[in-house]
Amino acid sequence: MRRQGRKNRRIFGNGVTILGLVLVVALLAIVIFVRGNTLQKQNKNYLAMEESLEDELSKEELREKKLEDRRVYSKTKEYVMEEAREIFGLQMPDEIIVKPEN
C-alpha cells in the first residue's frame with residue numbers, strides 16, 4: 001500500500017503541478033473565449049459588409065440595364081432625330097416649332 005501512495009505523490013508532486021495545470025487550462029479557456037468573441041464581432045462586420053455590397057451590386061446591375069437600354073436606343077432613328085433637334089435645332093420639313101414667349 002505504501003508504494004502506491006508514494007507513486008501517486010511522485011506523479012503529482014506536492015500540489016504545485018496540479019495548480020500549474022489548472023492555471024494553464026484556465027488561461028487556454030480565457031484565450032479561446034476572447035478569440036471566439038473577436039471572431040463573432042468580425043463575422044457580424046463581414047455580414048453587414050456583404051449585405052451592403054449586395055445592395056451596391058443590385059444598384060449597379062440596374063444601372064447596367066439602363067445603360068444597355070440607352071445603348072440600344074442610341075442606334076435608332078428616333079434618337080438621331082431627337083439629338084438633331086436638341087443640339088442643332090433641326091426640324092423635319094413638315095414640322096412647325098412653337099417657342100414660348102418669355
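Biologist: What makes the side chains of Glu-60 and Arg-63 a salt bridge?

Modeller: A salt bridge is a side-chain nitrogen of Lys or Arg within 4 Å of a carboxyl oxygen of Asp or Glu. Between Glu-60 and Arg-63 the N to O distance is 3.5 Å, so the pair satisfies that definition. This is a predicted model, in which local features need pLDDT of at least 70 and side-chain atom pairs count only at pLDDT 80 or more, while totals for chains, interfaces and linings use all residues. Residues are numbered from 1 along each chain as its sequence is written, and side-chain values use heavy atoms, with hydrogens and water left out.

Biologist: Why are Glu-60 and Arg-63 said to be separated by about one helical turn?

Modeller: They are 3 residues apart in helix α2. An α-helix has 3.6 residues a turn, so residues three or four places apart point the same way. Helices here (H or I, at least four residues) are DSSP runs, numbered from the N terminus.

Biologist: Why is Glu-60 called partly exposed?

Modeller: Buried means under 20% relative accessible area, exposed over 50%, and partly exposed in between (1.4 Å probe, protein chains only). Glu-60 has 40% relative accessibility and therefore counts as partly exposed. Arg-63, at 48%, is also partly exposed.

Biologist: How many salt bridges does the whole structure hold, and what makes Glu-68 and Arg-71 one of them?

Modeller: A search finds 3 salt bridges. In the pair Glu-68 and Arg-71, the closest N and O atoms are 2.5 Å apart, and both residues lie in helix α2. Asp-69 and Lys-65 form another salt bridge, at 3.4 Å from N to O.

Biologist: Why does buried Glu-83 have no salt bridge?

Modeller: The nearest side chain of opposite charge, Arg-70, is 4.4 Å away, and the definition asks for a nitrogen within 4 Å of a carboxyl oxygen, so the pair does not qualify. Lys and Arg count as positive and Asp and Glu as negative; His and the chain ends are not counted. Glu-83 is nevertheless in contact with Arg-70, where contact means heavy atoms within 4.5 Å.

Biologist: How do you know that the buried residues of α3 lie on the same side?

Modeller: The buried residues are Tyr-79, Glu-83 and Ala-84. They cover an arc of only 135° around the axis, which puts them on the same side of α3; the arc is that of the directions from the helix axis to the C-beta atoms. These buried residues pack against α2, whereas Lys-77 and Glu-78, on the other side of α3, are exposed.

Methods
Helices (H or I, at least four residues) and strands (E, at least two) are DSSP runs, numbered from the N terminus.
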